[in-house]
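Student: I have a structure open in front of me and would like to learn how to read it, one feature at a time. Could we begin with the chain as a whole and then turn to the details?

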Amino acid sequence: MTITPTSTQRLVSARDRTFGAWRGLDGLARTAMIVLAALVLLTLVAVLTGVFGSTSATIGGRFAPPSPTAPLGTDNLGRSFLPRLFEGIATTLVVSIVAVLCSAAISTVIGMVAGYYGGAVSELVMRIVDVLYAFPALVLAILVSALLGPGRPAAIISIVAITIPLMTRVVRVATRTIAERDFVVSARISGVRTPVIFVRRVLPNIAGTVVVQASYALSVAILVEGGLSFLGFGVQVPEASLGLLIQQGMLAMTFAPHLLIVPGAVLVVAILCINLIGDSLRDRLEPRETRSLT
C-alpha cells in the first residue's frame, strides 16, 4: 500500500527545510538577510501604498531641511525626498533583478550546451564570451546604452551583457564536471534525449552554482545600474533610481549633503548584504571552497 503525505506533513516538511536553510547560514549572512528583507519590505509598502507621501507632489521649498512632513527634507523641486528614495530603491532592484534573471537563464543554457558537448561548440561559445569579457564593465554598459539610448531597457541589456561572460564560464565548468559522471554517461548510452538529460540530470546538480553566481551578479547589476544612471545613460527623470538620486544629490552636497549620503549609503548597504549572502550560499552549496566569515 502506498502512503501519500498529508498536507500537514508536507507543510511541516517545508517548514523544516526552511529552518534548516536558515540555520545553515552564518551570523553575518543572517543579519544581511534581515537588513535586506527589511529594506525590500519597506520599499514595497512605500511604493504600493504611498504611505510615505507622493513622489511628485511639491510640499515645500527647494532643499528644505528634514521636517515632520518631509523626514529627509525636500529635493530640488520641493518634493519630499523619502518617497523618491523608496521609488529609486524599487527601480534599481527591479531593473537589476530582471537583468540577472535574464542573464542567469541565458548563461545556464549556453553554459550547459558548451560544457556538455565540448569541442568546437565549447570553443565557439567561449570565444564569444571572451570578447564580451575583454571590455571593462562600465565601458561596455555605456557602449550598449549609447547604441540603444538611455532608459530601463538599455540598463537591463547592459547588465545582461556584463554578467553573462563570467556566469557562462562557471556554468560551463560545472556542467563539464557533471557530464563526466556515471549517471549522465549511462543516461546518454541508454538513449535518453539530451534535453531530458539537461533538465533531470545536469540542471539539478549545477543549480547551487547558478544561485551563487546569480547572487554575485545581482550586486554587480545594482552597481552597474547605479553607475549608468549617475552618468546619465540609465534611468531618466522624472523616474528615480539610486544612481540618479546620487547624481542629483551631488549637485547639492555642499548645502544638503543628506541628499547624496542617504542614497549612497543605501546602495552600499544593499550591495554589501547581497555579497554577504552570496558568500554564505557559496560556503553552503560549494563546501569544497568553504571560507567562514565568523
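Student: Of the contacts in the protein chain with a separation of 6 or more, what percentage do residues 24 or more positions apart account for?

Tutor: Please keep in mind that this is a predicted model. Here, residues 24 or more positions apart account for 66% of the contacts in the protein chain with a separation of 6 or more. One such pair is proline 66 and histidine 258, which are 192 residues apart in sequence, while their C-alpha atoms are 9.5 Å apart in space. Proline 66 lies in the loop between α2 and α3, and, leaving aside neighbours within four places in sequence, this proline is in contact with Pro71, Leu72, Gly73 and His258.

Student: How many helices and how many strands does the protein chain have?

Tutor: The secondary structure comes to ten helices and zero strands. As for burial, 41% of the 294 residues of the protein chain count as buried, and the accessible surface comes to about 15,500 Å², of which 69% belongs to carbon and sulfur atoms.

Student: What span should the twelve residues of helix α5 have, at 1.5 Å a residue?

Tutor: Helix α5, which covers residues 137–148, should span 16 Å at that rise, and the C-alpha atoms at its ends are 17 Å apart, which agrees. Just after α5, glycine 149 takes a positive phi of about 95 degrees.

Student: Which residues of α5 are buried, and which on the other side are exposed?

Tutor: Leu140, Ala141, Val144 and Ser145 are the buried residues in α5. Seen down the axis of α5, the buried residues fall within an arc of 130 degrees, so they line one face of the helix. On the other side of α5, Ala146 and Leu147 are exposed.

Student: Against which helices do the buried residues of α5 pack?

Tutor: They pack against α4, α6 and α8, which cover residues 119–134, 152–179 and 194–231.

Student: How should I describe two packed helices?

Tutor: Two packed helices are described by the angle between their axes and by the distance between those axes. In the case of α5 and α6, the axes come within 9 Å and cross at roughly 145 degrees, and α5 passes α6 in a right-handed crossing.

Student: Which residues of α5 and α6 meet?

Tutor: From α5, the residues are Ala137, Leu140, Ala141, Val144, Ser145 and Leu148, and they meet Ala154, Ile157, Ser158, Ala161 and Ile162 in α6.

Definitions and conventions:
Residues are numbered from 1 along each chain as its sequence is written. This is a predicted model: local features need pLDDT of at least 70, side-chain atom pairs count only at pLDDT 80 or more; totals for chains, interfaces and linings use all residues. Side-chain values use heavy atoms; hydrogens and water are left out. Helices (H or I, at least four residues) and strands (E, at least two) are DSSP runs, numbered from the N terminus. The expected span of a helix is 1.5 Å times one less than its number of residues. Buried means under 20% relative accessible area, exposed over 50%, partly exposed in between (1.4 Å probe, protein chains only). The arc is that of the directions from the helix axis to the C-beta atoms. Contact means heavy atoms within 4.5 Å. Accessible areas come from the Shrake-Rupley method with a 1.4 Å probe; for residues, only the protein chains shown count as cover. Axes are lines fitted to C-alpha atoms, for helices over the stretch in contact, and angles run from 0 to 180 degrees between N-to-C directions. A crossing is left-handed if the near helix is turned anticlockwise from the far one by less than a right angle, and right-handed if clockwise.
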